[in-house]
Amino acid sequence: MKQTKVIIISGFLGAGKTSLMVSAADQLRAKGWKVACITNDQGEQLVDTKIVYSNGFPIQQVQGGCFCCKFDNLVDTINHIVNHNETDVIFAEAVGSCTDIMATVNKPLEAFHGELLDIQPLTVVVDPQRFRDIKKENSIYTTEIAYLFEKQIEEAQYLLLNKADVNEKMEIEEIKNQLDNIIPFAKIFPTSAVNAMGVNEWLDNIFDSNDLNATVLDIDYDVYAKAEEQLGWLNSSISVSGLQIDVLEFANELLNKWLEKLEQRGAVVAHLKIWVEDENRHLKLSSVRNNEIYPLNDIKHGIWLSDKVDIWINARINIDYQMLKIILEEIKLEYKTLDIIVNQLDNFAPSRPVPTHRFV
Ligand SMILES: Nc1nc2c(ncn2[C@@H]2O[C@H](COP(=O)(O)OP(=O)(O)OP(=O)(O)O)[C@@H](O)[C@H]2O)c(=O)[nH]1
Ligand SMILES: [Mg+2]
């Protein structure tokens, strides 16, 4: 029986999992492979799903909980894909605040569904700048979040040191050396989702791999749960109407307003992303640090005027989650000439992970 390959991608919020998933899917599609993707979140209205869909890949979502706690949903989702599309590879992106994936997702998938599915080694994505920020003295990250970040790295079989296009080669090498000590059995690849550097090497290597060391974490679920609880979550879809809105300017301003208000409250941004669309165009902007917005090519593509746009906001921030709803309300009030309607709102702190299975 033909097995479908499944690649689970983990790693901290904003590391570049979705971007790499799309880049890898592109590479495989160019070779004639049939690829599908799965996104995952505790909430709904996922910007990641929009991104994958807009790149033309079949996409399914596991919502309302992480893969480990919604294991049966994950299996149903995989079955749905396999039964409805001819599929060679499925990429499944875990929530960026999750860890212990090997014991709770990879191993159970292999044990229960190994006949149909060829579960590939666990890949963890790391943003070098985040690594530096978390490891440095007087880091702005809490010890619990640093613990979660370290645990994610510890269980990597493949580690992608991503965003190599914007990090100095020397710095990448230095972090790679540190990682070699932490995870001596893992294979580490510098990658870039922007120019696809390292992506084919990772894929070729992963498909050739066998008998890799699989680390089941020694993990304190109390600390892990506390880390997740410290992250405020907001997923919202809003409609913005007005006369000839300059969409690019508006989107940029909106994200900046969010960042300013978060900064004022001493919050630490893990990932803030917005998706903007009307019937003709779409755009994604995001920030993975308090003072940084990832410029999007679209910004350069001239004027985009629209009378109505739909916007999805996904915020994962180290702040009391209720504050995120307050910020959304504040921003809404500041736009007096625009009609802003909140269509849907999920606002919470992730609850304690309770995996369906845990294989040791
Ligand atoms: N320069 C550069 N930017 C990147 C790269 N990969 C991702 N990014 C940017 O980093 C930000 C986060 O990327 P995502 O792919 O959304 O990260 P993620 O890990 O899926 O984030 P979550 O789903 O929130 O956990 C986005 O603004 C991307 O455009 C890369 O290789 N180089
Ligand atoms: Mg993502």
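A crossing of two helices is left-handed if the near helix is turned anticlockwise from the far one by less than a right angle, and right-handed if clockwise. Keep that in mind for two stops on this tour of a predicted model.

**Stop 1: the two domains**

Select residues 4-227, which the domain assignment gives as domain 1, and then residues 231-348, given as domain 2. Colour them separately. The centres of domain 1 and domain 2, taken over C-alpha atoms, are 26 Å apart. Where they touch, 18 residues come from domain 1 and 19 residues from domain 2.

Now show the domain 1 side of this contact. Which helix gives the most to it? Helix α2, residues 47-54, does, with four residues. Coloured by class, the side of domain 1 that touches domain 2 shows seven nonpolar, eight polar and three charged residues.

**Stop 2: the annotated span**

Select residues 6-189. An unreviewed UniProt entry annotates this stretch as "domain: CobW/HypB/UreG nucleotide-binding". Helix makes up 45% of residues 6-189 and strand 20%. Pick the C-alpha atoms at the two ends of the span: they lie 19 Å apart.

**Stop 3: helices α6 and α9**

Select residues 143-154 for helix α6 and residues 221-229 for helix α9. Their axes come within 8 Å and cross at roughly 110°. Angles of 65 to 115 degrees count as roughly perpendicular, and α6 and α9 are therefore roughly perpendicular to each other. The crossing of α6 past α9 is left-handed, in the sense given at the start.

Show side chains here. From α6, the residues to display are Glu144, Ile145, Tyr147, Leu148 and Lys151; they meet Val223, Tyr224, Lys226 and Ala227 of α9. By class, this contact of α6 with α9 has six nonpolar residues, no polar ones and three charged ones.

**Stop 4: helices α10 and α12**

Move on to residues 247-264, helix α10, and residues 321-334, helix α12. These two helices pack at an angle of about 130°, and their axes are 10 Å apart. How is α10 set relative to α12? At that angle α10 is oblique to α12. The crossing of α10 and α12 is right-handed.

To see the contact, display Leu254, Lys257, Trp258 and Lys261 on α10, then Ile327, Glu330 and Ile331 on α12. The contact of α10 with α12 divides into four nonpolar and three charged residues, with no polar ones.

Methods: Residues numbered from 1 in each chain as written. Chains lettered and ligands numbered in written order. Predicted model: local features only at pLDDT ≥ 70, side-chain atom pairs only at ≥ 80, totals over all residues. Domains from an automatic or database assignment. Contact = placed C-beta atoms within 7 Å. Nonpolar A, V, L, I, M, F, W, Y, C, P; charged D, E, K, R; others polar. Axes fitted to C-alpha atoms, helices over the stretch in contact; angles between N-to-C directions. Parallel < 35°, antiparallel > 145°, perpendicular 65-115°, else oblique. UniProt positions renumbered as here; feature names shortened; annotations may be inferred.
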